[in-house]
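Me: I'm new to this structure and would love a close look at one spot inside a helix. Could you start there and then show me how the rest of the chain is arranged around it?

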Amino acid sequence: MYMQDSTCGWLQGTSGIGLAVTPLRMEQMNLSSILANFTPDTLTTHSWGRLKAALSLHKKKTGMCLQTLFFFLFVFLLFIHSEYTLTHSLISFVTILVLFFVFYGPLLSMVQISYDEDISDAEKVYQECQQSGPLSFSDCIPPARMKHCNKIGEGTFGEVFSTINESNETVALKIIPVEGSQQVNGEHQKTFGEILHEIIISKELSSLNTKEFNKTDSFIGLNNLHCVRGRYPEALLKAWDKFDRQKGSENDRPDFFDDEQLFLILEFEFGGSDLENMNGKLSSMVQAKSVLHQVTAALAVAEQALCFEHRDLHWGNILVKNIKHKHNEFILNGTVHSIETRGVHVNIIDYSLSRLEIDGLTVSCDISNDEELFMGQGDYQFEIYRLMKKENNNCWSNYNPHSNVLWLHYLADKLLSIKYKSKAQSNQQRTLKIALKSFQSEILNYPSATEALMNCKLFK
């Protein structure tokens, strides 16, 4: 599946370059303590900077006119009651006015950034979407694109469709109902606060493709995101019905939403088919080795760049597509490396349970009370959840990169169990199978994907 069941995400804070980000909660400076010792004689660059900083912490909804008037009145009274003559005071006051507009003027526009410790989660989501409010489905997916929609996957919290973009390229649309009172597929809808977790992590991992020191293109590219309001479009319902007839859906038919229902739509690049559905379609273990190498490298880069843990890297969250280029480059801590693709490219998806850090601030999902997640049976995937919980003592904000290693062990297990087009009896297949088993036996000894990438014999 393209999407995976998840529990709620929670946001501790974030900051990032080039992205609309959730503002940080900052302790307000004590303005009175700054002004108590402030006189014309103490107007240095440092004290002026402190005053600007104190004033710039006013919230978004504070009247800027009143704030400015207060500033001018304070400065004028300060000089009037000083030891200077009235003429000297007026001259000094005019000087302050000039300094105000030179130094403080540009901060007026910045107040809208350092403001917003009190804005709602909805406003934060709209900021991430670069919207002032919800759009209609037709604004987000015009009729020319809507008619090309096909359902390609599903999860507890929503549906995934493919369509074409303005450049006639195939893209994937992940559509998630949010903030509604109706349950969806037996679960409560995500809140804006919870969906921020996935938005921010998707943006950060997608942007790793543009970095210079730690770079990878093996996390699915996020093209766009929108918040829309309204009933599920008829074209999408028809695509849903077709998927249900052909493959069978475990989800509720999304025809029960009303006109006020909100949805988040994330537009991703089309990443291919998930590894679960590639069973019997990979040519040989040569391709399996490349898949394992690419996933390990992607995790290593994200560990180094963002202290990243995926925490849900089952084979439904690893997409594989056929490509023509023979090598795929990544950069790890400034060093360029190359992987033989063997005709396949990996895209990692679904960060519902993921954890990362941005400038020392943690974005993670607290699943400590999700008892059902840790009670699953029937697949090694569910054992991985329990192992993660055991290793991190059920504290999900802390960084434990060995969780990535656990998922690499799981992935090796799957690659050893699936079928391939080529016969396993060939010498090359037998040799690679032995190498994969050796990887499986040694991988758990490494503390992180980074260490595994640099030291495992399979990648030498």
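Reply: **A close look at one helix position**

Thr296 lies in helix α11, and that is a good place to begin. Please keep in mind that what you see is a predicted model.

Is Thr296 buried or exposed? Its relative accessible area is 0%. Buried means under 20% relative accessible area, so Thr296 counts as buried. The side chain of Thr296 has a polar atom 2.7 Å from the backbone oxygen of Leu292. If you leave aside residues up to four places away in sequence, Thr296 touches Leu408, Ala449, Leu453 and Phe459. You can find these four partners by their numbers and see how they meet the threonine.

Now step back to the helix that carries this residue. Helix α11 covers residues 285-306 and lies across strands β8 and β11. The helix runs at about 40° to β11. Those two strands belong to an open sheet of three strands, in the order β7-β8-β11, with antiparallel pairing. At its edges are β7 (273-274) and β11 (344-348), each of which pairs on one side only. Strand β8 spans residues 318-322 and pairs with β11 in the antiparallel sense over five bridges. To see how they line up, look for Asn322, which stands opposite Val344 in β11. As a general point, strands of a sheet pair through backbone hydrogen bonds, and the pairing can be parallel or antiparallel.

There is another sheet to explore. It is an open sheet of five strands, with the order β2-β3-β4-β6-β5 and antiparallel pairing. The edge strands here are β2 and β5 (222-229), and each pairs on one side only. From one strand to the next, the twist averages 25°.

Let's start at the β2 end of this sheet. Strand β2 (residues 150-155) pairs with strand β3 (residues 158-164) in the antiparallel sense, over five bridges. A hairpin of two residues takes the chain from β2 to β3. Beside that turn, Gly155 has Gly158 in β3 as its bridge partner. Further along this pair, Lys151 stands opposite Phe161 in β3.

Helices lie across this sheet as well. Helix α10 (residues 234-246) lies across β2, β3 and β4, running at about 75° to β2. Helix α6 (residues 121-129) lies across β5 and β6 (262-269), where its direction makes an angle of about 135° with β5.

Strand β4 deserves a stop of its own. This strand spans residues 170-178, and Lys174 is placed in it. An unreviewed UniProt entry lists Lys174 under "binding site". In the model, Lys174 has a relative accessibility of 4%, so this lysine counts as buried. A polar contact of 2.4 Å joins its side chain to that of Glu198.

Following the chain on from β4, you come to Asn185, found in the loop between β4 and α9 (192-206). Its phi is near 55°, a positive value in a residue other than glycine. That detail catches the eye because most residues other than glycine have a negative phi. Asn185 has a relative accessibility of 17% and therefore counts as buried.

A second asparagine makes a nice companion to look up. Asn393 is not a glycine either, yet it has a positive phi of about 55°. This asparagine sits in the loop between α12 (380-391) and α13 (402-417). Is Asn393 buried or exposed? With a relative accessibility of 67%, Asn393 counts as exposed.

Finally, here is the whole chain in a few numbers. The protein chain has 15 helices and 13 strands. Of its 460 residues, 52% are buried. Among its contacts with a separation of 6 or more, 74% are between residues 24 or more positions apart. The chain exposes about 21,900 Å², with carbon and sulfur atoms supplying 52% of that area.

If you would like to trace the tour again, return to buried Thr296, follow helix α11 across β8 and β11, and then move over to the sheet with the order β2-β3-β4-β6-β5.

Terms used. Residues are numbered from 1 along each chain as its sequence is written. This is a predicted model: local features need pLDDT of at least 70, side-chain atom pairs count only at pLDDT 80 or more; totals for chains, interfaces and linings use all residues. Side-chain values use heavy atoms; hydrogens and water are left out. UniProt positions are given in the numbering used here, feature names are shortened, and annotations may be inferred rather than shown by experiment. Helices (H or I, at least four residues) and strands (E, at least two) are DSSP runs, numbered from the N terminus. Buried means under 20% relative accessible area, exposed over 50%, partly exposed in between (1.4 Å probe, protein chains only). A polar contact is a pair of N or O atoms within 3.5 Å; within protein, one must be able to donate a hydrogen and the other to accept it, and residues adjacent in sequence count only if both atoms are side-chain atoms. Two strands pair if DSSP finds at least two bridges between them. Contact means heavy atoms within 4.5 Å. Axes are lines fitted to C-alpha atoms, for helices over the stretch in contact, and angles run from 0 to 180 degrees between N-to-C directions. Accessible areas come from the Shrake-Rupley method with a 1.4 Å probe; for residues, only the protein chains shown count as cover.
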